[in-house]
Amino acid sequence: MANEYKVFATFGFGEIRLPIFESTELFARAVGGETDIVSKEMYSFEDRDETSISLRPEATASVCRAYIEHGMQSLAQPVKLFYAGPMFRRERPQKGRYRQFYQIGAEILGGTDAPGIDAEVIEMLMTFFDKCGLEGATLYINSIGHNAPECRRGYVADLKSALEKVKDKLGPDSQRRVDTNPLRVLDSKLESEQAIIATLPHIADHLCDECKTHYDAVNRQLEVRGVLYRENWRLVRGLDYYMRTTFEITAPGLGSQNAVCGGGRYDGLVELLGGPPTKGIGFAIGEDRLLLSLQESGKSQAPKGRDVYIAWMGERAYAAAIRAAKDLRKAGFSVELPPLELKFGKALGQADKLGATYALILGDNEVSEALWTLKTLSTGEQTKFTEPDLLDYLAKQRSTSS
Ligand code: AMP
């Protein structure tokens, strides 16, 4: 994926390296003690000083902690960061759901909550998927308002009373959630609950004027950017810290675990963790699922073949080969230089297996004539070049093919 990360740099994001474990308290406060992630799925351990530490189940909390701890509010705002690495959740393993899985995520902290920020982060995400070659990705968006009686809290109260009326028709998980976290009932994938859920009140009818205006503007901004989306009123996201914009992206070929990315706005989170009031929005891509979907569509990223395989024979040729490898690599070509002498037939076989574009053939003749043979492996065509001409030729070929 490293090459695709360049998309983030084009949007002004820098990489942050985060610790694999943090204090349990950080996740309990940020993600929410009542969430499944913290209450059931976290790998927590007692440290020697009897404090509790946990393997990170997600990284947004850590980015916010780092923002506060390193005084990033005094940098130019907003601060735009991306990360990649393993996360840990004690879930029931199945296709696309693992206990150690990998996320690639990005966060924008500080500055404004202008709808253009929400739309741009989503635009970046879709550009990233596009660069990865992911086809058939569908973006769903929603607004879950803000935590006030005239907005989300009013909705949750309404939702809860509607749920109380149908509680006996719901399964045990949803029944429990009616009391602990009614919004989560909307996440249910149980076939038997779908018809009931379809009759529940929608958040869009309960948003306050400001949240509604913000949501409409995000949609318009996505349209201006040419980003296709679908609205999904059931998209509430499982974590406590989200507000207003929430989004999810699904991809084909994944079965029931078809979400490849989730994200949203979390304006109160930095303050909740002891920092100044700070706007925030971000997303996390499930890298395992992204790769699974690419594989299913036949687009898995097979290791890229080399540009040049150097087939050498003889001590003098080896010295020339080492020099050639150095110059080619300096010019940005990927080069395979076998460490042991191989008969040319065998070396060319290896070059083929590695998917090399060219084989550079260096034997005694080539070295004494100072004319090197370059073989184009797809056509079998062979041409002789002097050392400087060879570099020029390859550079020209590269610029015409890119
Ligand atoms: P979340 O942090 O729960 O919003 O998840 C963001 C994305 O991470 C999801 O859309 C999935 O693609 C991926 N993900 C979450 N949990 C897992 C897991 N246990 N195994 C694999 N991928 C996961």
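In which sense do strand 12 and strand 13 pair, and over how many bridges? Strand 12 (residues 308–312) and strand 13 pair in the parallel sense, over 2 bridges. Strands pair here if DSSP finds at least two bridges between them. The model is predicted: local features need pLDDT of at least 70, side-chain atom pairs count only at pLDDT 80 or more, and totals for chains, interfaces and linings use all residues. Residues are numbered from 1 along each chain as its sequence is written, and side-chain values use heavy atoms, with hydrogens and water left out.

**View 1. An open sheet of 5 strands.** The strand order is 13-12-14-15-16, and the pairing is mixed. Strand 13 (335–336) and strand 16 (382–385) are the edges; each has a single partner strand, so one side of each lacks a neighbour in the sheet. Helices (H or I, at least four residues) and strands (E, at least two) are DSSP runs, numbered from the N terminus. Strands of a sheet pair through backbone hydrogen bonds, either parallel or antiparallel. Y309 has E336 of strand 13 as its bridge partner.

**View 2. Helix 12 and helix 13 against the sheet.** Helix 12 (residues 315–330) packs on the sheet and touches strand 12, strand 13, strand 14 (358–362) and strand 15 (372–376). Contact means heavy atoms within 4.5 Å. The direction of helix 12 makes about 170° with that of strand 12. Helix 13 (residues 344–353) lies across strand 12, strand 14 and strand 15. Helix 13 also runs at about 170° to strand 12. Axes are lines fitted to C-alpha atoms, for helices over the stretch in contact; angles run from 0 to 180 degrees between N-to-C directions.

**View 3. The hairpin of strand 15 and strand 16.** These two strands pair in the antiparallel sense over 4 bridges. T373 stands opposite K384 in strand 16. The hairpin has 5 residues between the strands, and G380 takes a positive phi near 80°.

**View 4. A cluster of aromatic rings.** Rings of Phe, Tyr and Trp (its six-membered ring) pair if their centres lie within 6.5 Å; planes under 30 degrees apart count as stacked, over 60 as edge-to-face and the rest as tilted. The count comes to 8 aromatic pairs. Y5 and F8 are stacked, at 6.1 Å centre to centre and 20° between the planes. Y5 is buried at 17% relative accessible area, and F8 is buried at 0%. Buried means under 20% relative accessible area, exposed over 50%, partly exposed in between (1.4 Å probe, protein chains only). F128 and F129 form a tilted pair, 6.1 Å centre to centre with 55° between the planes. Both F128 and F129 are buried. Ring pairs link Y5, F8, F82, F128, F129 and F283 into the cluster.

**View 5. A charge over a ring: R398 and F333.** The charged end of R398 sits 4.0 Å from the centre of the F333 ring. The rule asks for NZ of Lys or CZ of Arg within 6 Å of the ring centre and within 35 degrees of the ring normal.

**View 6. Backbone exceptions in loops.** Most residues other than glycine have a negative phi, and most peptide bonds are trans. Q77 and P78 are joined by a cis peptide bond, with omega about -5°. P78 is in the loop between helix 4 (60–69) and strand 5 (79–88). E50 has a positive phi near 70°. The loop between strand 3 (44–46) and strand 4 (52–55) holds E50, which is exposed at 63% relative accessible area. A370 has a positive phi near 55°. A370 lies in the loop between helix 14 (364–369) and strand 15, and is partly exposed at 43%.
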